[in-house]
Amino acid sequence: MTTSEQPPGGLLNFRRSLPGLSRSDTLSRLTPDGRRDLKALNFSRIIDLRSRTERAADPPPYLGHAAYLNLPLLPWRHRAFNEASAAARSNADHMSAMLDHAPNQIVTVLGAILDAPPGPVLIHCHAGKDRTGLIAALCSELAGQTRDQTADDYTASGPALRDFYRDMQARRTPEQWAQLAPFAPTRADDIRHTLTHIDHHWGTLDAYLTAHGLPNTDLTALRDRLTRT
């Protein structure tokens, strides 16, 4: 079950999803007090899932810190992924495209969570909704949470990002917003359909992850890591 915590100042979409894993939107919004409060949470690793291009446009405040790690989740200039992403009509389509075309990146991120020094881990992207939402959902599955619990954690981004999307809409033309609007809602069915995509193509999440290089011993250790502080 998602654990509610007071978000550090400036963050929009921050929460603890599992005892050992928290999630957030970009940390560049942190206020000075927010940085102090985030530091007090003693994250042993902060994993930034954004691309280096995004990072350059919106610099992370912890660049150069030992705990900070930038592991872009989206494959760069990957034709099949780009085609699947362009054809997407829902967040579920986008996340399923990540599963299909970015398994190495996904395994790398999960491995970085497992290999982090003792203590809780924080993952984030820009809005903290879909890239972060996919990794959080996979961790939720590994930790043995129900899909209702996983969906609850995913949909919690909706209220948190209401103002974020309102401001985004205000900066876009009606035509631009019409392209983005279908992806703004945070629907439980999107994460359910994404996890069902694994069921249909791989049978289990374990089978998907072991096929892409995460051995069973690591899966067992990762489950333990995620379910303790």
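Before I show anything, let me fix one word: a residue is called buried when its relative accessible area is under 20%, exposed when that area is over 50%, and partly exposed in between, using a 1.4 Å probe and protein chains only. The other word we need is strand, since helices (H or I, at least four residues) and strands (E, at least two) are DSSP runs numbered from the N terminus.

What you have in front of you is a predicted model, in which local features need pLDDT of at least 70 and side-chain atom pairs count only at pLDDT 80 or more, while totals for chains, interfaces and linings use all residues. Residues are numbered from 1 along each chain as its sequence is written, and side-chain values use heavy atoms, with hydrogens and water left out.

Let me begin with the chain as a whole. It has 13 helices and 5 strands, and its C-alpha trace spans about 50 × 40 × 35 Å along the principal axes. The radius of gyration, taken over C-alpha atoms, is 17 Å, which agrees with the value near 17 Å that a compact globule of 229 residues would have; the rule behind that expectation is 2.2 Å times the number of residues to the power 0.38. Buried residues make up 47% of the 229 residues. If we take contact to mean heavy atoms within 4.5 Å, then, among contacts with a separation of 6 or more, 71% join residues 24 or more positions apart.

Now to the strands, where I count two strands as paired if DSSP finds at least two bridges between them. Strand β5, residues 121–124, pairs in the parallel sense with strand β3, residues 45–48, over 4 bridges, and β5 also pairs in the parallel sense with strand β2, residues 21–24, again over 4 bridges. On its other pairing, β3 runs parallel to strand β4, residues 68–70, over 3 bridges.

Which residues of β3 are buried on each side? R45 and I47 are buried on one side, and I46 and D48 are buried on the other, so that both faces of the strand are covered. In general, side chains in a regular strand alternate between the two faces of the sheet. The description of β5 is similar in kind: V121 and I123 on one side and L122 and H124 on the other are all buried. To place these residues against one another, D48 stands opposite H124 in β5 and opposite N70 in β4, I46 stands opposite L122, and L21 stands opposite V121.

Next, two side chains from the early part of the sequence, for which I need the polar contact: a pair of N or O atoms within 3.5 Å, where, within protein, one must be able to donate a hydrogen and the other to accept it, and residues adjacent in sequence count only if both atoms are side-chain atoms. N13, in the segment before β1, is buried with a relative accessible area of 0%, and its side chain reaches the backbone oxygen of A127 at 3.0 Å. Leaving aside neighbours within four places in sequence, N13 is in contact with several residues, including R23, S24, G128 and L161. S17 lies in strand β1, residues 15–18, and counts as buried because its relative accessibility is 3%; its side chain makes a polar contact with the side chain of D153 at 2.8 Å.

From there I turn to T155, in helix α7, residues 147–155, which is partly exposed at a relative accessible area of 23%. A polar atom of the T155 side chain lies 3.2 Å from the backbone oxygen of D152, and, not counting residues up to four places away in sequence, T155 touches T186, R187 and A188.

Two loop residues deserve a look at their backbone angles. N42, in the loop between α1 (32–40) and β3, has a positive phi near 60° and is exposed at 55%. R77, in the loop between β4 and α3 (79–87), has a positive phi near 50° and is exposed at 71%. Most residues other than glycine have a negative phi.

Finally, the annotation: an unreviewed UniProt entry lists residues 104–138 as "domain: Tyrosine specific protein phosphatases", with positions in the numbering used here, feature names shortened, and annotations that may be inferred rather than shown by experiment. In the model, that span is 57% helix and 11% strand, and its end C-alpha atoms lie 14 Å apart.
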